[in-house]
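These are my notebook entries on a structure I went through by chain, by helix contact and by backbone angle. I set down what I looked up in the order in which I looked.

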Amino acid sequence: MISNLLYRRSTLRLLLLLTPPLLWFGVVYLGSLLALLAQSFYTFDDFTMEVTPELTWINYTALLDDANADIVLRTVGMAAAVTVASAVVAFPIAYYVARYTEGLRKGLFYVAIMLPMWASYIVKAYAWTVILTKGGILYWFIGKLGLTGALEWVLELPYVGGTSLSTSNIGRFLVFTYVWLPFMILPIQASIERVPPQLLQASADLGARPAQTFRTVILPLSFPGVVAGSIFTFSLTLGDYIIPQLVGPPGLFIGTMVYTQQGSIGNLPMAAAFTVVPILIVGAYLAIARRLGAFDAL
Amino acid sequence: MRSDGPRAPWWLKLLAWGGLVFLHFPIVVVCVYAFNTEESAFTFPLKGFTLRWFQVASEREDVLEALGLSLKVAVAATALALVLGTLAALVLARRQFLGREALTLMFALPIALPGIITGISLLSAFKLADVPLSFWTIAAGHATFCLVVVYNNVVARLRRMPYSLVEASMDLGADGLRTFRHVLLPQMATALLAGGILAFALSFDEIIVTTFTAGHERTLPIWMLNQLGRPRDVPVTNVVALVVMVITAVPLLLAWRLTRGTEQVAGSSK
């Protein structure tokens with residue numbers, strides 16, 4: 001039997017099994033990633049709109065232009081803000097589920113967090129455009145609470161404000177925080193659940209008040225979970241280009257820039273150079289997260 | 001610690017339940033607006049309730065075409081991902097060999113890197129290889145990240161399965177294929193099913209990679225994105241949004257039911 005032969009020649013079997021997925025990943029996926037990287041050094045002629053395989057650094061030096069650096073800063077700033085906000089909102093939920101729920105209620109919370117996480121991304125983005133629009137639910141609700149004046153004041157602030165909620169940075173920030181929030185809750189919950197109860201007992205026996213136990217035992221031990229969650233919120237915001245199109249002020253994001261460069265302008269080299277930015281940032285972030293022990297919390 | 005467990009302070013409960021409400025609010029909004037009587041506005045409160053737009057949407061050629069394409073792509077991508085992901089998992093679950101770490105890392109890349117990078121690199125590769133954008137380029141793009149999902153599910157299951165089962169089967173004279181069919185496959189069945197459902201839902205909903213690999217084809221999420229750019233058929237869009245959500249959420253709940261409790265498969269205690 002051929003399969004017996006294959007079992008005995010285990011290296012051969014290994015190779016045979018591994019070939020299809022390896023071909024797929026090695027050739028199709030990694031191959032195209034490398035091809036993209038190579039093209040970031042190609043030359044784009046502004047006049048003829050043609051790409052030639054003449055190697056150049058010009059795409060990378062162009063990244064440092066004011067306009068392009070602005071795009072990078074704007075995107076990274078938003079990603080950082082979204083990450084911090086997600087952590088703040090996620091922590092109490094994760095803490096409550098991990099420490100105070102059991103059985104059926106724990107299952108309920110788990111499903112209730114999973115469902116919005118897996119629910120269609122484009123539908124969630126769409127739902128928020130409906131909610132944030134002028135005359136929509138949120139405006140109605142704020143009006144009912146008598147806070148319209150306060151909202152107008154907030155919208156006039158520089159950087160965060162805009163003409164309406166759906167064209168302001170607050171709106172964009174809100175949508176980003178919403179869509180990535182479950183990615184932050186779950187790792188934090190997992191890391192809190194992994195804190196051994198004996199440690200908490202020991203802390204109480206030694207006379208620590210609950211707040212002290214929280215600060216000196218639970219918080220440091222669950223920090224890797226926060227870092228693990230932040231990998232998702234940060235990297236997902238960095239690469240997103242749908243939400244910045246739909247909600248918020250007109251300024252470009254890294255994602256929208258990549259999309260416009262390759263799509264409407266046809267400047268694939270510049271688009272490729274721009275994609276290297278999130279790759280490098282995410283790479284550095286992962287390296288730091290690894291040192292902080294976040295990978296054990298995944 | 002007392003045996004009845006600690007009680008949560010009221011403010012913590014409030015924050016946690018408030019968080020849940022926040023998470024579900026937009027989903028409720030989508031469900032409610034699909035039954036809105038008004039044709040062009042998002043004004044709130046709603047004026048009335050109707051089922052009319054479901055009828056209208058079910059007669060729209062463009063919607064039906066997009067729905068059909070999305071389903072076909074999801075089936076093709078899931079099938080590809082199931083085969084490739086299972087093969088990869090079978091090899092990487094237990095064996096030690098040179099380059100194993102690198103391979104494991106490679107399989108995490110499409111999820112760790114932003115989707116736009118997967119999208120644009122596939123597009124540039126298709127262009128370089130002169131592959132015209134079509135149904136198959138979309139399916140290939142989707143299979144790349146669906147593979148990761150299947151792989152993760154199956155590899156987790158295989159690692160929990162005691163290897164002695166495979167050895168016993170071999171000792172009793174079963175060849176590799178038989179062992180796969182009678183021992184490995186039944187053990188992996190729910191993991192495969194769950195991975196497949198997850199892959200299907202992911203592919204059905206995918207938009208970022210799709211916009212790059214689709215060419216002129218329009219999946220349902222792309223149809224929605226186009227509508228958002230120039231909102232003309234608001235009621236139909238609301239209905240489509242509801243349909244997309246049901247088609248992704250229901251299978252996911254199923255997948256969750258399937259994998260629940262399998263942490264305790266035979267032999268996992270050791």
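**Chain B, overall.** I began with the secondary structure of chain B in this predicted model, where I find eleven helices and zero strands. Reading along the sequence, I noted the pattern as α-α-α-α-α-α-α-α-α-α-α. For the extent of the chain, I took the box along the principal axes, and the C-alpha atoms of chain B fill roughly 70 × 70 × 30 Å.

I then turned to burial and surface. Chain B has 270 residues, of which 50% are buried, and the chain exposes about 12,800 Å², with carbon and sulfur atoms supplying 65% of that area. On the contacts, I kept to pairs of residues at least 6 apart in the sequence of chain B, and 72% of these contacts join residues at least 24 apart.

**A helix pair across the chains.** Next I looked up how helix α6 of chain A, residues 121–132, lies against helix α10 of chain B, residues 220–229, and I noted that their axes come within 10 Å and cross at roughly 20°. Angles under 35 degrees count as roughly parallel, and α6(A) and α10(B) are therefore roughly parallel to each other. I recorded the crossing of α6(A) and α10(B) as left-handed.

Which residues make the contact between α6(A) and α10(B)? From α6(A) I listed Ile122(A), Val123(A), Tyr126(A) and Thr129(A), and from α10(B) I listed Pro221(B), Met224(B), Leu225(B) and Leu228(B). Sorting the residues of this contact by type, I get seven nonpolar, one polar and no charged.

**Positive phi outside glycine.** My last entries concern two backbone angles, one in each chain. Tyr159(A) has a positive phi of about 70°, although this residue is not a glycine, and I located Tyr159(A) in the loop between α8 (148–155) and α9 (169–193) of chain A. Is Tyr159(A) buried or exposed? Its relative accessible area is 75%, so I entered Tyr159(A) as exposed.

In chain B, I noted Asp130(B), which is likewise not a glycine and has a positive phi of about 60°. Asp130(B) is found in the loop between α5 (115–128) and α6 (135–160) of chain B. Because exposed means over 50% relative accessible area, Asp130(B), at 69% relative accessibility, counts as exposed.

Technical notes
Residues are numbered from 1 along each chain as its sequence is written. Chains are lettered from A and ligands numbered from 1 in the order in which they are written. This is a predicted model: local features need pLDDT of at least 70, side-chain atom pairs count only at pLDDT 80 or more; totals for chains, interfaces and linings use all residues. Side-chain values use heavy atoms; hydrogens and water are left out. Axes are lines fitted to C-alpha atoms, for helices over the stretch in contact, and angles run from 0 to 180 degrees between N-to-C directions. Helices (H or I, at least four residues) and strands (E, at least two) are DSSP runs, numbered from the N terminus. Angles under 35 degrees count as roughly parallel, over 145 as roughly antiparallel, 65 to 115 as roughly perpendicular and the rest as oblique. A crossing is left-handed if the near helix is turned anticlockwise from the far one by less than a right angle, and right-handed if clockwise. Contact means heavy atoms within 4.5 Å. Ala, Val, Leu, Ile, Met, Phe, Trp, Tyr, Cys and Pro count as nonpolar, Asp, Glu, Lys and Arg as charged, and the others, Gly among them, as polar. Buried means under 20% relative accessible area, exposed over 50%, partly exposed in between (1.4 Å probe, protein chains only). Accessible areas come from the Shrake-Rupley method with a 1.4 Å probe; for residues, only the protein chains shown count as cover.
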